[in-house]
Amino acid sequence: MEQTAHNGEPGAEVVPFPGAHTAESPAPAVAVAVTKDAETGETEVIEGELVESGAPVPVDDPTVPPPGGWLAERRAYLDAAPPVIPSYLRNRGEFAENVMLAARYYTHKTTFHLLRVPLYTGRLWLRAPAGAGRMVGAWYRWVTDAEAKPVLAKAAGTGDVQAWTKLTTLQTQRTNFRRKASLVVMVPVALLVTLAAVFLPDWALGLAAAGVASLLGLAGRDADKPIVSRYVAVHVQRRLDSGEIVAALEAIKVKGEVRFVAPIAVDGPGWRAELDLPGGYLADEVLEKRAALAAAMRRPLGTVWPETDPDAHPGRLVLWVAKVDPAKTKRRLWPLMKDGQANLFEAIPFGFDPRGRLVELDLMYANVLIGGVMGSGKTSAVLVIALAGALDPTCEMWIYEMKGSGDLDAVRPVCHRYVSGDDDEDCKAALDGLKALEREMKRRKRIIKELPLEDVPNGRKVYPHLAARKNLRLHPILAIFDEAHTLFEHPKYGKEAAEVAGRLIRKARAYGIILVFTTQRPDANSIPRSVSDNAIVRFCLAVTGHLPNDLILGTGAWQRGVRGTMFDPAKDAGTGWLARSALNYQIARAAFIKQDEAAEIGRRALALRTAAGTLSGQAAGEAITPEDDTDLLDDLRAVWPAGETAMHSHRLVEALAAYRPDRYGAWIATDKPADQMTDDELREARAARSTLLAQALKPYGVQTRQINKRGDGGSAKGVRWDDLPDPRDGTRDDAEDDSDDD
Ligand SMILES: Nc1ncnc2c1ncn2[C@@H]1O[C@H](COP(=O)(O)OP(=O)(O)OP(=O)(O)O)[C@@H](O)[C@H]1O
């Protein structure tokens, strides 16, 4: 049997898939590789089922017009055709901008040179002596016919008397004529100069002298010392062309025929090339080698932006190259830098894409995970979000900056809760914050649950009109946990924090609570899976490998070619992949806001909130007391009599009720006071208390046992000291039943 394959090896055929496909329902474009038996002529599908016996039917039968035919081709042309009138002629704003740009350009050039005319004149005149020397030299060489001298010398050297005589005669004739011609010109010129010196007024004489000096200066020009100052915009890149791309691709080992699917065109402040890589190469591979590609193109890294085109095919590469190196251009300012407010129910400005277009973020009903290596720009990115939240006067800000650097101090004056530090008490405060947010989420949930349907037309969540009803207290809450790994890795608070954060991130967004986590060590310990799996907006800055990449961007991102490893933390600080869903990725650079600018924005936010009367929590001077995080085990240990190895449960319950009536008072509540009870009633009450304690201890994995204490109540249910685990050793089950929150 003659073996064939997909890749066009000899004998390979492409046949249509079997089935009753008519002209009205054309066969799907499925290529099938077949084997063909040389002797019997039978065909067999290599991948898939048997097609048919006999000669294969080519898909591209020249007698059958392609589906859609002429019209489809025209439609495809029109779909991608450039506009007849360019956008700068149709769009008034763009036209005005271009005109302004041209006007600014020429005004700058003119005034720049006009201002420097005295400098240019000085430089010109300084060259005049050199120019005079050059002219005299040139004249002397002409008069003496210096060019002919080597020829004469050669003739003399060879001893060719006849030639020598002929040449010297010719030279004498030429030099005689030139001497006379010089005299004819020089005498009248000298006469004219003398007459001018005598008769011309001083100003005219000065003008003439300046003119002569300038001419001599021009003659004395030196290529290395230009007279006119030239400003060359070194960061303006040379035009992109296909040869450069092909050569660069070859240099990064993408070899073969590259097909440009459209001419290289200007696209915003750069050039865009769209091309199909040689067969077998994926565009992702080029993305991975972005730095090598930039090096091969001899262009700054910040100007070279390869992208895939998910709408086309995995081998389609879109290469956008900036005309100007962004590192050498002015920083693009965050649109809310100088004025304006934010509204968290609408998109907030976040940063810019490589082409300089504004990138916005919808924070409402979302939560955010930001990750990247040290210095990749996480704090600057989160600062943008924090400042946007601060500029929405209705937004309650909870900030836990767990690096302790004070990078988010600008928003401190407007924060309901603000913690900066990585000590134990800061981690405890962050855990308390998560718990308080969970309580707030439950409160909001109860309120929204009871609202009439017309108030929640598209599902039970917070809407702007509900947030506006102050009595409901459903305004947006923005909770930021910067360097969250500090909290999640904390030996005492980390586990519980991970549990609460996991529950919050799944549910809080519907209730107007926006959670933002940043981490510099994206791994399973530093960011719990429950958090990373449920993040909605993800911003992955420079990372070192596929594990952190997928932890931040979600499983499969690496596979799809969305890789934070393509960023250089030093050169691309603040730049990362911004994912809004599994299929919505873009490269964005967070707007960079300096600390003094942030402080100014913070003051503006404070003024806005003071006017709106929305300062609350710490911002309104409220003292935050740490939450009581003791539990039943702590309380049991607190009331346990020293030296006792076992205690009856009812005794422990009574002691607990005396110790913390707020927590355990209800456990000993009975219809009658103890001194009025019969023995049976007393026994029953004690049994009920034992049962309560047994149930309460279950989540801690502690079982009550029959304890016999001679002379002290005899045999009854009780607890052994040794059975009490260390409350922080991790054996505690999750006591919270959050099933009602789903
Ligand atoms: N969007 C940006 N545009 C330009 N430069 C930036 C941007 N973001 C950050 N940088 C530069 O990178 C430096 C480090 O940024 P940043 O402190 O935000 O990084 P980080 O990831 O939080 O670092 P670390 O992990 O050490 O806290 C900044 O000082 C700044 O110079």
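How many nonpolar, polar and charged residues does the shell around the ligand have? By class, the shell has 4 nonpolar, 8 polar and 3 charged residues. The points below take up this shell and then other parts of the model, which is predicted.

1. Overall composition. The protein chain contains 23 helices and 20 strands. Of its 742 residues, 30% count as buried. When contacts between residues at least 6 apart in sequence are considered, 65% of them join residues at least 24 apart.

2. Residues around the ligand. The ligand is surrounded by 15 residues, of which G377, T379, S380, A573 and G574 come nearest. Two elements, α12 (378-390) and β17 (584-590), each give two or more residues to this shell. The largest share, 3 residues, comes from α12.

3. The annotated binding site. An unreviewed UniProt entry places the feature "binding site" at G372, V373, M374, G375, S376, G377, K378 and T379. Among these positions, G377 and T379 are also listed with the residues that come nearest to the ligand. Three residues of the annotated stretch are considered individually in the next points.

4. M374. This residue lies in the loop between β10 and α12. Only residues with 12 or fewer other C-beta atoms within 10 Å count as exposed; M374 has 9, and is therefore exposed. M374 and P569 are 195 residues apart in sequence, yet their C-alpha atoms are 8.0 Å apart in space.

5. G375. The loop between β10 (368-371) and α12 also holds G375. G375 is partly exposed, because 13 other C-beta atoms lie within 10 Å. With residues up to four places away in sequence not counted, G375 touches P569 and A573. P569 is thus named for both M374 and G375, while A573 is one of the residues that come nearest to the ligand.

6. G377. Is G377 buried or exposed? G377 has 25 C-beta neighbours inside 10 Å and therefore counts as buried. Its place is in the loop between β10 and α12. Leaving aside neighbours within four places in sequence, G377 is in contact with G372, L541, A573, G574 and A590. Of these partners, A573 and G574 are named among the residues that come nearest to the ligand, and G372 belongs to the annotated binding site in the UniProt entry. A590 falls within the range of β17 (584-590), an element that gives two or more residues to the shell.

7. Strand β13. All of β13 (residues 477-482) is covered in the sense that 6 of its 6 residues are buried. I477, A479 and F481 point one way from the strand, whereas L478, I480 and D482 point the other way, and all are buried. The side that carries L478 and I480 therefore includes a buried charged residue, D482, since Asp counts as charged.

8. Strand β11. A similar description applies to β11 (residues 396-401), for which 6 of 6 residues are buried. E396, W398 and Y400 are on one side of β11, and M397, I399 and E401 are on the other; all are buried.

9. Pairing of β11, β12, β13 and β14. β11 and β13 pair in the parallel sense over 6 bridges. Within this pairing, M397 stands opposite L478 and I399 stands opposite I480. β11 also pairs with β12 (residues 415-420), again in the parallel sense, over 5 bridges, and here M397 stands opposite C415. M397 thus has a partner in β13 and another in β12. On β13, a further 5 bridges lead to β14 (residues 513-519), and these two strands run parallel. In β14, the bridge partner of I477 is I513.

10. The antiparallel sheet. In which order do the 3 strands of the open antiparallel sheet lie? The order is β18-β20-β19. β18 (646-648) and β19 (705-709) are the edge strands, each pairing on one side only. From one strand to the next, the twist averages 60 degrees. β19 and β20 (residues 714-720) are joined by 5 bridges and run antiparallel; in β20, K717 is the bridge partner of Q706.

Note on methods
Residues numbered from 1 in each chain as written. Predicted model: local features only at pLDDT ≥ 70, side-chain atom pairs only at ≥ 80, totals over all residues. Near = placed C-beta within 6 Å. Helix = DSSP H or I, 4+ residues; strand = E, 2+ residues; numbered from the N terminus. UniProt positions renumbered as here; feature names shortened; annotations may be inferred. Buried ≥ 20, exposed ≤ 12 C-beta atoms within 10 Å, placed from the backbone. Contact = placed C-beta atoms within 7 Å. Pairing = 2+ DSSP bridges. Axes fitted to C-alpha atoms, helices over the stretch in contact; angles between N-to-C directions.
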